[in-house]
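Reader: I'm new to this one and would like a close look at a single part of it. Could you pick out one helix and walk me through it and what surrounds it?

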Amino acid sequence: MGGLNSNGQSFDVVVVGGGGAGLAAAIEARAAGASVLLLEKNDALGGSTAWSIGSITSTGTPHQRRRGIDDNPADHWADMPGFAGELAARDNDELRRILCDEVPAAFQWLLDSGIRFMGPMPEPPHRKPRMHNVLPNSLSYIYHLERRARRAGVEIRTNDRVTAIDLHDGRVAGVTGNDRKFVARGGVVLAAGDFTNSPELKARFMGPQEAKVEGVNPTATGDGQRMAEALGARILNGDLALGPELRFIAPLKETLLRRLPPWRALAAYMVWAQEHLPAAILRPFVMQFVTTALAPSPALFEAGALLVNREGKRFGEERDRPAWRVPDQPAKEAFILLDGALAQRFSAWPEFISTAPGVAYAYLPDYRRNRPDVCNEASTLAALAAKLGMPPAALEQSAAGRLAQAPFVALGPVRSVFVHAEGGLAVDAQHRVLGTDERPIPGLYAAGSTGQGGLLLKGHGHHLAWAFVSGRRAGRHAAQEVLSASIKGAVTR
């Protein structure tokens, strides 16, 4: 198919966004024979995929077969509404079918790309274990897919933010990025993530308080949704998100687990270790993940733990949506306060501080050992206040009549975050973006969170599953459009 023109600005397919969905789209479009440009606004590829836990949920995997698990896409499709609960009526059943039918092939495609997994792990209401966790961390997706894309001949440009979608004769013809125009003969694939860090879109769809809550991915600003709306596209399920929820602040230095290189040999060794080494040897490494990336359990507040701000003051009922109020506190931070009785209670099963479902549970001793930066302890409330830089009288007043037994423990700071948002553009089964008349906008495709299309992706591993399934399909369809046009043109000449 067509290559570059004389000034190097013309491609068959232009992909906007360099996360998992964008890389999948670029690789598949190139495999179909299209010339492909991928534009990423940040200085490195990754997107929300790189920020994720890294789990992907699929049936029919080699991992399931090795364990004798008989599973199929139809059961996966039937089980997913169990995660949505009363929201299930808002789901897009057609896109859910596409996800469940095609994720087994996408999973094998990831394996073929050099990515390795452990699992599968159980996660009810799934009737079978389907959750697979990437090894050694989510950066493995980006490392291997970027290498695959570059080997295939995809042109990748970072630090190049797309600011507008260009039209010609009523059809998407390219994009404008960094004051330069790029022509897309076949189509543009929007794979720019969600809008968890867009105050404007959160205020419009969720509310003014939610607009104050930051996203885990600081650059997930809804660029694709905004640009497509300017052409008449619609956002579906914009009011739905995972969050706000409390998360411990990240450590100043990345954990060893996060720093591990995404080499195939290392991932293979980790798979072997998971199956053969004693749990006692593996647990310290697993705890680095569980104590860093996950939310504190609401059971802490049900049991009587308090939430105080940096001034040592309580700011509401801890069991009533505390994450909504943290953004109004000094520095948008808070601390979880326990006394000796609660500390003892959350030091062993069945009470835990945080958990990765099907992987591990983290207790207070794990936080003492792995996260001393967020775990402070003292024999008196006044001494604890001194460690935290709080007025002793305020902390003592907050705890009066509620926490009495020494020692006293403060976990935090915690902040309120959105992990991901469900609001994506309306798309059809070919991932073409739909306009106000429910007809496809010619030449415009969307994948991943940008093109979620009303699909509900609750439960671990479904967002990444959709990123790779929809990205691959959108890239293929965009490439086929320019191929069909080339064949038609050749026939008529």
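Author: Happy to. Keep in mind that this is a predicted model, so everything below is computed from it. The protein chain has 19 helices and 23 strands, and the one I'd pick is H6, which covers residues 93-112.

Start with its length. H6 has 20 residues and reaches 29 Å from its first C-alpha to its last, close to the expected 28 Å. That doesn't make it straight, though: there is a kink of about 45 degrees at Val 103, shortly before the proline Pro 104.

Now look at the two ends. At the start of H6, Asn 92 has a side-chain oxygen within 3.2 Å of the backbone nitrogen of Glu 94. Just after the helix comes Gly 114, with a positive phi of about 105 degrees.

Next, which residues of H6 are buried? They are Leu 95, Arg 96, Ile 98, Leu 99, Cys 100, Val 103, Pro 104, Ala 106, Phe 107, Trp 109, Leu 110 and Leu 111. Notice that both Val 103, where the kink lies, and Pro 104 are on that list. As a rule, nonpolar side chains in soluble globular proteins tend to be buried together. Here, the largest nonpolar core has 80 residues, and H6 gives the most to it, with 10 residues.

What else sits in that core? Leu 190 and Phe 468 touch the most other members. Leaving aside neighbours within four places in sequence, Leu 190 is in contact with residues from many parts of the chain, including Val 16, Ile 165, Met 227, Leu 425 and Tyr 445. There is also another core, apart from this one, with 40 residues, among them Leu 246, Val 308, Ala 334 and Ala 362. Over the chain as a whole, buried residues make up 56% of the 493 residues. Of the contacts with a separation of 6 or more, 74% are between residues 24 or more positions apart.

Back to the helix, and to one of its buried residues, Phe 107. Follow it across to Thr 61, which touches Phe 107 and His 132, not counting residues up to four places away in sequence. Thr 61 is in the loop between strand S3 (55-57) and helix H3 (62-66). Is Thr 61 buried or exposed? It counts as buried, because its relative accessible area is 1%. A polar atom of the Thr 61 side chain also lies 3.0 Å from the backbone nitrogen of Gln 64.

Finally, keep going along the chain past H6. You reach strand S4 (116-121) and then, in the loop between S4 and strand S5 (131-135), Pro 125. A cis peptide bond joins Pro 124 and Pro 125, with omega at about 10 degrees. A little further on, Leu 135 and Pro 136 are joined by a cis peptide bond too, with omega at about -5 degrees. Pro 136 lies in the loop between S5 and helix H7 (139-152).

So, to retrace the tour: look for the kink at Val 103, the side-chain oxygen of Asn 92 at the start of H6, and the 10 residues that H6 gives to the core.

Conventions
Residues numbered from 1 in each chain as written. Predicted model: local features only at pLDDT ≥ 70, side-chain atom pairs only at ≥ 80, totals over all residues. Heavy atoms only, no water. Helix = DSSP H or I, 4+ residues; strand = E, 2+ residues; numbered from the N terminus. Buried < 20%, exposed > 50% of the residue type's maximum accessible area, 1.4 Å probe, protein only. Contact = heavy atoms within 4.5 Å. Core = buried A, V, L, I, M, F, W, Y, C linked by side-chain atoms within 4.5 Å. Expected span 1.5 Å × (residues − 1). Bend = angle between axes of the 7 residues up to and from the residue. Polar contact = N/O pair within 3.5 Å; in protein donor to acceptor, adjacent residues only side chain to side chain.
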